[in-house]
Amino acid sequence: MKSQRAELIADTAIALLAERGMRGLTHRAVDEEAGLPAGSTSNLARTRRALLELTLERLTELEIGTFAALLDDTAGPPSPEALVELAARTLWEQLTVGRHRTLARYELALEATRRPELREVYDQAGSRFRAPAVAILTAAGSPDPVRHGRQVVAFGEGVMFDTIAGSGSEPTLDDLRLGLAELLRGMLPGREPDMEEC
């Protein structure tokens, strides 16, 4: 993100998407909600496409911050128990304090199905999370890290969607730990997470 003004506009757009949906996101609404002079958002992001791309860029930046501990490859491969704990806490944050960001991402994901130019940006953003998942599972000893990486991402996405947009109840942190441990147990032969340590 290039400036504080850009961050303010993008953060306000994220909040509007979560609160009002895609129809509620307009240049004028961002100006009003952010307390900016009329035309400020248009000066920064002239078209709707530019506003959506700015919002997605900021959302990706914020979510990378949430996933930082999980995506950190400088500390060496985590143990299965540490991986379960990190993943569970990251999902928990997305469902609680980061819930509005998750809602906004769903709005952008649906819009990307109708806008090929946004789909390209959305897919590039997604690869910044999927590639590290494969790397983590490779380091953890998965015999098929690409397939397993997709399954771990799908598990997380499924839990978030079911909780936030579906009809599921909100899982506890222990529920998330248990589900992830059970998932990884089938992926990491000989390195299954110890449930008592998760």
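Biologist: Does Arg49 count as buried, partly exposed or exposed, going by relative accessibility?
Modeller: Bear in mind that this is a predicted model. Partly exposed is the band between under 20% for buried and over 50% for exposed. Arg49 comes in at 43% relative accessibility, so the verdict is partly exposed.

Biologist: Which residue does Arg49 form a salt bridge with?
Modeller: Look within helix 4, where the partner sits four residues from Arg49, so about one helical turn separates the two. That partner is partly exposed, with a relative accessible area of 23%. The closest N and O atoms of the pair are 2.9 Å apart, and the residue bridged to Arg49 is Glu53.

Biologist: How many residues apart in sequence are the parts that Arg99 and Glu170 tie together?
Modeller: The side chains of Arg99 and Glu170 meet in a salt bridge, 3.5 Å from N to O. Arg99 lies in helix 7 (residues 99–112), while Glu170 is in the loop between helix 9 (145–164) and helix 10 (173–185). Arg99 is partly exposed at 28%, and Glu170 is partly exposed at 41%. The separation in sequence between the parts they tie together is 71 residues.

Biologist: Is Glu111 buried or exposed?
Modeller: Glu111 forms a salt bridge with Arg114, with the closest N and O atoms 3.5 Å apart. Arg114 is exposed, at a relative accessible area of 56%. For Glu111 the relative accessibility is 12%, and since the cut-off for buried is under 20%, Glu111 counts as buried.

Biologist: What is the count of salt bridges?
Modeller: Besides the pairs, there's a network that links Glu7, Asp11, Arg58 and Glu61 through salt bridges. For the whole tally, the number of salt bridges comes to 16.

Biologist: Which element gives the most residues to the largest nonpolar core?
Modeller: That core has 25 residues, and those with the most contacts inside it are Ile9, Leu17, Leu25, Val30, Leu52 and Leu108. The elements giving two or more residues are helix 1, helix 2, helix 4, helix 7 and helix 8 (116–140). With seven residues, the top contributor is helix 1.

Biologist: How many residues are in the second, separate core?
Modeller: Start with Leu17 of the largest core: leaving aside neighbours within four places in sequence, Leu17 is in contact with Met22, Leu25, Thr55, Ala104, Glu107 and Leu108. The second core is separate and includes Phe129, Ala140, Leu184 and Met187. Its residue count is 23.

Biologist: Which helices do the buried residues of helix 2 pack against?
Modeller: In helix 2 (residues 27–34), the buried residues are His27, Ala29, Val30, Asp31 and Ala34. Thr12, found in helix 1 and buried at 9% relative accessibility, is in contact with Val30, Glu33 and Ala34. The packing partners of the buried residues of helix 2 are helix 1 (4–20), helix 3 (40–44) and helix 4 (48–66).

Biologist: Which residue, with a positive phi, follows helix 2?
Modeller: Helix 2 covers residues 27–34. Just after it, phi turns up positive, near 70°, and the residue is Gly35.

Biologist: Where in the chain is confidence lowest?
Modeller: The chain averages a pLDDT of 90, and 91% of the residues score at least 70. Confidence is highest in helix 2, at 98. At the other end, with a mean of 73, comes residues 68–71, that is, helix 5.

Note on methods. Residues numbered from 1 in each chain as written. Predicted model: local features only at pLDDT ≥ 70, side-chain atom pairs only at ≥ 80, totals over all residues. Heavy atoms only, no water. Buried < 20%, exposed > 50% of the residue type's maximum accessible area, 1.4 Å probe, protein only. Contact = heavy atoms within 4.5 Å. pLDDT = per-residue confidence, 0-100. Salt bridge = Lys/Arg side-chain N within 4 Å of Asp/Glu carboxyl O. Core = buried A, V, L, I, M, F, W, Y, C linked by side-chain atoms within 4.5 Å.
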